[in-house]
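Here are a few exercises to work through with the model open in your viewer. Try each task before you read its solution.

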Amino acid sequence: MSLSSSSPINVVPARYPLRTAGAVLALFVLAVVVQSVAFNPRWEWGVFARWFFDPVIVAGVGQTLLLTLVSTLLSLVIGGALALSRLSSSWLLNALSWSYIWLFRSLPLIVVLIVLYNFSYLYDRLSVGIPFTALSWGSFDTINVLDQFSTAVIGLTLVQSAYTAEIIRGGFLGVDHGQYEAAAALGLPAWWRTLRIILPQALRTILPAGFNEIISLAKGTAMVYVLAMPELFYTIQMIYNRTQQVIPLLMVGAVWYLAITSVLSLLQYSVERWLARSERRSAISQLKVQQVAQRQPVSPATEVIHAPIA
């Protein structure tokens, strides 16, 4: 039977009954959760609304954001130096940076913060001089060196730098070795090759894990409550210890942390799209070149004429 005389083909869309059942079940569970949270008076949403934009809470949010920003910038600088030291051919730099990363990835953040807070007890005076000798050019008391904010920043930076160093090192190792050889063949200085050629390629690997660490750092600032610093979590803790309204005030903190992490996630998406512009441009340029090549007429092959020789 020829194709023209055959009956028309009926196209039947594929059916996924398990997918439909799963979607219905998920919606049912979501409705149950929403109803149990929104209409349960014990969540005390009126208390939540009263405290959410309270000036004390907003000031705690500002402290949390400031801690996150300063610690992130410092950890990028220190972590970048540690990553380059780990990639260095110097065994001494490699060993020192590996030891730092091993130490601060092993210690809990709360331990680092408490040790730093008791720094003046461990070292009542600091002096500048030659080790293992009595020669000193000056000394000062440590009793007023570290306040709550500086202790929190230093503790967060020390721990975060170890993780940032490994993320940056992994990004550099993810770049193809041929790129290093091609960059070296251009005769550019090492720092310029790293900044202009290697780093833009490594950023595609560094950014997702790096933003995850920044989000973890924003939530990890809650650990500085042991320093009695009035950041978001410590402020909420002080309020519910006074009012005994634990759950609604914890929900205030949870929603603020959710808002902070959501903004960081949007920032990550925007930065990744901005870095992907060059890749999209190269793909579009390559497509245009192919289209132009297809439009050009192909010249016929020159025919060879054999003339008889007299």
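**Exercise 1.** Leaving aside its neighbours within four places in sequence, which residues is isoleucine 57 in contact with?

*Solution.* Keep in mind that this is a predicted model. Start from Ile57 and collect residues with heavy atoms within 4.5 Å. Once neighbours within four places in sequence are set aside, the list reads Trp51, Phe52, Leu232, Thr235, Ile236, Ile239, Val252 and Trp256.

**Exercise 2.** Place Ile57 in the largest nonpolar core and find which helices supply that core.

*Solution.* The core holds 22 residues, and Ile57 is among those with the most contacts inside it, together with Leu232, Ile236, Val252 and Trp256. Next, look at the helices: H2 (45-52), H3 (55-87), H9 (190-220), H10 (232-243) and H11 (246-275) each contribute at least two residues. H11 gives the largest share, with six residues. Finally, look for a separate core: a second one has 19 residues, including Tyr100, Leu116, Ala152 and Ala165.

**Exercise 3.** Compare the span of H3 with the expected value, then inspect its N-terminal end.

*Solution.* H3 has 33 residues, and at 1.5 Å a residue the expected span is 48 Å. From first C-alpha to last, H3 reaches 47 Å, close to that expectation. At its N-terminal end, Asp54 acts as a cap, with a side-chain oxygen 3.0 Å from the backbone nitrogen of Val56.

**Exercise 4.** Describe the protein chain as a whole.

*Solution.* Count the elements: 12 helices and two strands. Then take burial: of the 310 residues, 27% are buried. Last, consider contacts with a separation of 6 or more: 71% of them join residues 24 or more positions apart.

Notes:
Residues numbered from 1 in each chain as written. Predicted model: local features only at pLDDT ≥ 70, side-chain atom pairs only at ≥ 80, totals over all residues. Heavy atoms only, no water. Core = buried A, V, L, I, M, F, W, Y, C linked by side-chain atoms within 4.5 Å. Buried < 20%, exposed > 50% of the residue type's maximum accessible area, 1.4 Å probe, protein only. Helix = DSSP H or I, 4+ residues; strand = E, 2+ residues; numbered from the N terminus. Expected span 1.5 Å × (residues − 1). Polar contact = N/O pair within 3.5 Å; in protein donor to acceptor, adjacent residues only side chain to side chain.
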